[in-house]
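Q: I am new to this structure. Please pick one part, look at it closely, and then work outward from there to what lies around it.

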Amino acid sequence: MHYLKETYQYAILMMLFMCAFLSQGQSFRQDSLQIKAYTLIEYKNNEFKNIQLLKVLCDYCSEAQSKAIGDEAVRRSYNDRYSPDNRMKDGQKKLAVFIRIAKSDFAAIEEIHTIDN
């Protein structure tokens, strides 16, 4: 009986440590950035016609980083062009696109674009 009680105590103790470890986790705010971009989708006769990047809101981005973020915002808008929330019969729909990127990946954008050029 004593052996069984001791086993349960160790099992409960291990579960408490695991729960504490897993609940701490990695916060996305500590290691990532959130950048906002605005795009404009044009519709005519209920069909998609064009997507235009309006603005990338990033005070600390280089030109290469702003271009990469803008390209990603246009790509995401293109994927959402037929979403019921965004679709229009005729007219223009403005979208705010939030892009979350790891700080290390964001810093690597500069290196990738300088290598490509």
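A: Start with Ile109. Leaving aside residues up to four places away in sequence, Ile109 touches Ala64, Gln65, Ala68 and Ile101. Bear in mind that this is a predicted model. Ile109 sits in helix 4, which covers residues 103-116. Is Ile109 buried or exposed? Ile109 is buried, because its relative accessible area is 11%, and buried means under 20%. Another isoleucine gives a useful distance. Ile69 is 40 residues away from Ile109 along the chain. Yet the C-alpha atoms of Ile109 and Ile69 are separated by 9.4 Å.

Now step to helix 3. This helix takes in residues 63-79. It packs on the sheet and touches strand 1, strand 2 and strand 3. So what does that sheet look like? Three strands make up an open sheet, in the order 2-1-3. Their pairing is antiparallel. Which strands stand at the edges? They are strand 2 (47-57) and strand 3 (91-102). Each has a single partner strand, so one side of each has no neighbour in the sheet. From one strand to the next, the twist averages 25 degrees. Helix 3 can be placed against this sheet by an angle. The direction of helix 3 makes about 150 degrees with that of strand 2.

What holds strands side by side in general? Strands of a sheet pair through backbone hydrogen bonds, in a parallel or an antiparallel way.

Take the pairings in turn. Strand 1 covers residues 32-44. With strand 3 it pairs in the antiparallel sense, over 12 bridges. Look at two places along this pairing. Ser32 has Ala102 of strand 3 as its bridge partner. Glu42 stands opposite Gln92, also in strand 3.

Strand 1 also pairs with strand 2. How many bridges join these two? There are nine, and the two strands run antiparallel. Again, follow individual residues. Ala37 has Val56 of strand 2 as its bridge partner. For Tyr38, the bridge partner in strand 2 is Lys55. The link between strand 1 and strand 2 is a hairpin, with two residues between the strands. One residue to look at in this hairpin is Asn45, which takes a positive phi near 55 degrees.

Return to helix 3, this time for its charged side chains. Side chains of opposite charge can pair when their charged atoms come close. How many salt bridges are there? The count comes to three.

Begin with Asp71 and Lys67. Their side chains meet in a salt bridge, at 3.2 Å from N to O. Both residues lie in helix 3. They are four residues apart, about one turn of the helix. How open are these two to the outside? Asp71 is partly exposed, at a relative accessible area of 42%. Lys67 is exposed, because its value is 52% and exposed means over 50%.

Next comes Glu72, which has two partners. Its side chain meets that of Arg75 in a salt bridge of 2.5 Å, N to O. The side chain of Arg76 also meets Glu72, at 2.8 Å, N to O. Why does about one helical turn separate Glu72 from Arg75? Because the two are three residues apart in helix 3. Arg76 and Glu72 are four residues apart in helix 3, so about one helical turn separates them too. Both arginines are partly exposed. Arg75 has a relative accessible area of 42%, and Arg76 has one of 29%. Through shared partners, these salt bridges join Glu72, Arg75 and Arg76 into one network.

Finish at the surface, on helix 1. Which residues make a nonpolar surface patch? They are Tyr8, Ile12, Met15 and Leu16, and the patch is about 460 Å². Take Met15 from that group. Met15 has its place in helix 1, which spans residues 2-24. Its relative accessible area is 52%, so Met15 counts as exposed. Set that beside the starting point: Ile109 is buried, at 11%.

Conventions
Residues numbered from 1 in each chain as written. Predicted model: local features only at pLDDT ≥ 70, side-chain atom pairs only at ≥ 80, totals over all residues. Heavy atoms only, no water. Patch = residues over 30% accessible without salt bridge, like charges linked within 9 Å, V, L, I, M, F, W, Y side chains within 5 Å. Areas by Shrake-Rupley, 256 points an atom, 1.4 Å probe, with all protein chains shown as cover. Salt bridge = Lys/Arg side-chain N within 4 Å of Asp/Glu carboxyl O. Buried < 20%, exposed > 50% of the residue type's maximum accessible area, 1.4 Å probe, protein only. Pairing = 2+ DSSP bridges. Axes fitted to C-alpha atoms, helices over the stretch in contact; angles between N-to-C directions. Contact = heavy atoms within 4.5 Å.
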